[in-house]
Amino acid sequence: MAYIVDLRSDTVTKPSKSMRHAMVNSALGDDVFGEDPTVNTLESKIATLLGKQAALFVPSGTMANLIAVMVHCKKRGSEAIVGNKSHIYKYEQGGASHIAGVLLSTIQNKPDGTFDLKELESRIRGSDLHEPITSMVAIENTHNVCGGKVLPLEWLDKISALCQKHSIPLHMDGARLMNASEALKETPARLVKGCDSISVCFSKGLAAPVGSALVGAYHFIEQARRMRKMLGGGMRQAGVLAAAAVVALDETVPRLAFDHKRAQILAKTMQGLFLKSFSVDVEGVHTNIVMLKIADSSPLTADLVLKRLGQVALDETQGDCKTTNDEGVIVKAVGFDSKTIRFCLHVDISDEDLWLAIMKMTYVFKELDAAHPVAKS
Ligand SMILES: Cc1ncc(COP(=O)(O)O)c(C=O)c1O
């Protein structure tokens with residue numbers, strides 16, 4: 001038996017005791033009739049937190065983003081401009097095209113998760129009948145593929161001014177908005193001030209088992225409610241789920257700083273090993289995500305490194321790389337591409353887990369670095 005430190009995602013968390021208690025004890029009703037008091041509490045709580053008029057509880061971040069696309073892009077032949085590394089573009093099966101009939105046009109994300117605003121402006125279509133109608137721009141904060149980076153406030157203000165100038169709605173995929181707010185020490189309302197709609201996930205760093213909210217103006221949420229029903233996302237006594245999300249806002253949000261601190265410790269320790277095969281951009285670790293880069297000139301791949309982190313070699317446990325019960329340690333993470341591995345900190349990772357992960361990663365990275373030297377240039 002080995003002890004597992006699961007750093008694959010902040011979605012792997014289990015509901016806390018207080019979440020489970022709230023799930024069992026909260027008042028319930030039929031939410032499709034608008035009669036679930038716990039869902040109503042959650043919706044008004046998250047709307048207020050984001051400084052918007054209304055919110056809608058939905059099963060997932062993917063559905064929240066899809067509904068935003070469907071409401072903003074009403075006409076056939078509409079186009080939504082999104083980053084080429086955005087979740088909407090890369091990981092939602094092209095639902096915007098598949099289900100909503102919307103063209104997703106990509107603009108290149110810079111390493112910090114932003115994109116060039118001059119290029120964005122040049123990409124907004126006029127009234128040429130050959131072209132689709134630009135009906136929405138979407139941004140992501142924090143930016144997952146860019147390593148949990150927080151979009152700079154100044155850039156947020158600029159992109160919102162640009163979208164307003166062209167009367168194009170701005171949507172924020174804020175699956176990890178609360179992490180961004182914690183990192184910048186700014187209120188979530190400030191971060192989304194210039195956005196027309198925002199999706200927020202309760203089931204990522206906030207550690208609730210299920211659910212997201214779509215947030216915006218009354219008339220937007222009214223239309224979103226219709227779309228949710230059409231997509232099969234109208235849930236009945238959904239308060240059992242919303243109850244955990246309410247607890248997440250009260251209890252998990254105030255402790256996100258711990259995840260960020262642990263991410264910093266992990267990043268600095270890995271970078272401090274000074275191995276030729278591996279590097280971490282410590283400055284680029286803004287929140288709970290650490291991206292490990294494998295040198296291009298190394299024969300190692302993400303798959304190989306992940307496989308080794310998932311095994312316990314005999315001699316590992318003869319040293320320090322073990323729990324107090326003498327169990328070997330396995331670290332789980334995800335490969336983003338053949339040379340990049342993502343490690344994600346979350347509420348279920350204790351200081352002891354972090355320590356064990358560091359011991360294991362140090363052991364494995366040193367071993368792999370020695371066994372598979374980078375090619376000399
Ligand atoms: C940035 C971002 N947006 C949206 C989603 C989709 O959320 P869900 O898995 O709830 O559909 C994710 C999921 O990891 C995400 O990281």
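Which ligand atom does a polar side-chain atom of aspartate 173 lie 2.6 Å from? A nitrogen atom is the partner here, with that side-chain atom of aspartate 173 sitting 2.6 Å from it. Keep in mind that this is a predicted model, and let's start with the rest of the ligand site.

**The ligand site**

Aspartate 173 has plenty of company around the ligand: the surrounding residues include Ser60, Asn65, His87, Glu92, Glu140, Asn144, Ala175, Arg176 and Lys204. Gly61 and Thr62 belong to that set as well, and both have a polar partner on the ligand. For glycine 61 a polar backbone atom is involved, 2.8 Å from a ligand oxygen. For threonine 62 an N or O atom of the side chain is involved, 2.6 Å from a ligand oxygen. Here are the three contacts side by side:

| Residue | Protein atom | Ligand atom | Distance |
|---|---|---|---|
| Glycine 61 | polar backbone atom | oxygen | 2.8 Å |
| Threonine 62 | side-chain N or O atom | oxygen | 2.6 Å |
| Aspartate 173 | polar side-chain atom | nitrogen | 2.6 Å |

As for cover, the ligand taken alone exposes 390 Å², and the protein buries 82% of that.

**Two domains**

Zooming out, the domain assignment splits the protein into domain 1, made of 2-10 + 255-371, and domain 2, spanning 17-253. Their C-alpha centres lie 31 Å apart. Across the boundary, 15 residues of domain 1 are in contact with 22 residues of domain 2.

**The seven-stranded sheet**

One open sheet has 7 strands, and you can read across it as β2-β8-β7-β6-β5-β3-β4, with mixed pairing. At the edges stand β2 (54-58) and β4 (103-107); each has a single partner strand, so one side of each is left without a neighbour in the sheet. From one strand to the next, the twist averages 20 degrees.

Further in, β5 (residues 133-140) and β6 (residues 170-174) run parallel and are joined by 4 bridges. Along this pair, valine 137 stands opposite leucine 170 of β6. Helix α10 (residues 218-230) packs on the sheet too, where it touches β2, β7 and β8, and its direction makes about 20 degrees with that of β2. Helix α2 (residues 37-49) lies across β2, β7 (197-201) and β8 (212-216) as well, but runs at about 130 degrees to β2.

**Two backbone oddities**

A couple of loop residues deserve a look. The peptide bond leading from asparagine 141 to threonine 142 is cis, its omega being near 0 degrees. Threonine 142 sits in the loop between β5 and α7 (153-165). Then there is glutamine 93, a residue other than glycine with a positive phi, near 55 degrees. You'll find glutamine 93 in the loop between α4 (87-90) and α5 (95-98).

**The four-stranded sheet**

The other open sheet to look at is antiparallel, with 4 strands in the order β9-β10-β13-β12. Its edges are β9 (278-280) and β12 (334-337), and since each has a single partner strand, one side of each is left without a neighbour in the sheet. Neighbouring strands here are turned by 30 degrees against each other on average, ignoring direction.

Edge strand β9 is joined to β10 (residues 289-294) by 3 bridges, and the two run antiparallel. Within this pairing, serine 279 has lysine 293 of β10 as its bridge partner. Helix α13 (residues 302-309) lies across β9, β10, β12 and β13 (340-344), and runs at about 40 degrees to β13.

Conventions. Residues are numbered from 1 along each chain as its sequence is written. This is a predicted model: local features need pLDDT of at least 70, side-chain atom pairs count only at pLDDT 80 or more; totals for chains, interfaces and linings use all residues. Side-chain values use heavy atoms; hydrogens and water are left out. Two strands pair if DSSP finds at least two bridges between them. Axes are lines fitted to C-alpha atoms, for helices over the stretch in contact, and angles run from 0 to 180 degrees between N-to-C directions. Contact means heavy atoms within 4.5 Å. A residue is near a molecule or strand if one of its heavy atoms lies within 4 Å of it. A polar contact is a pair of N or O atoms within 3.5 Å; within protein, one must be able to donate a hydrogen and the other to accept it, and residues adjacent in sequence count only if both atoms are side-chain atoms. Accessible areas come from the Shrake-Rupley method with a 1.4 Å probe; for residues, only the protein chains shown count as cover. Domain bounds come from an automatic or database domain assignment.
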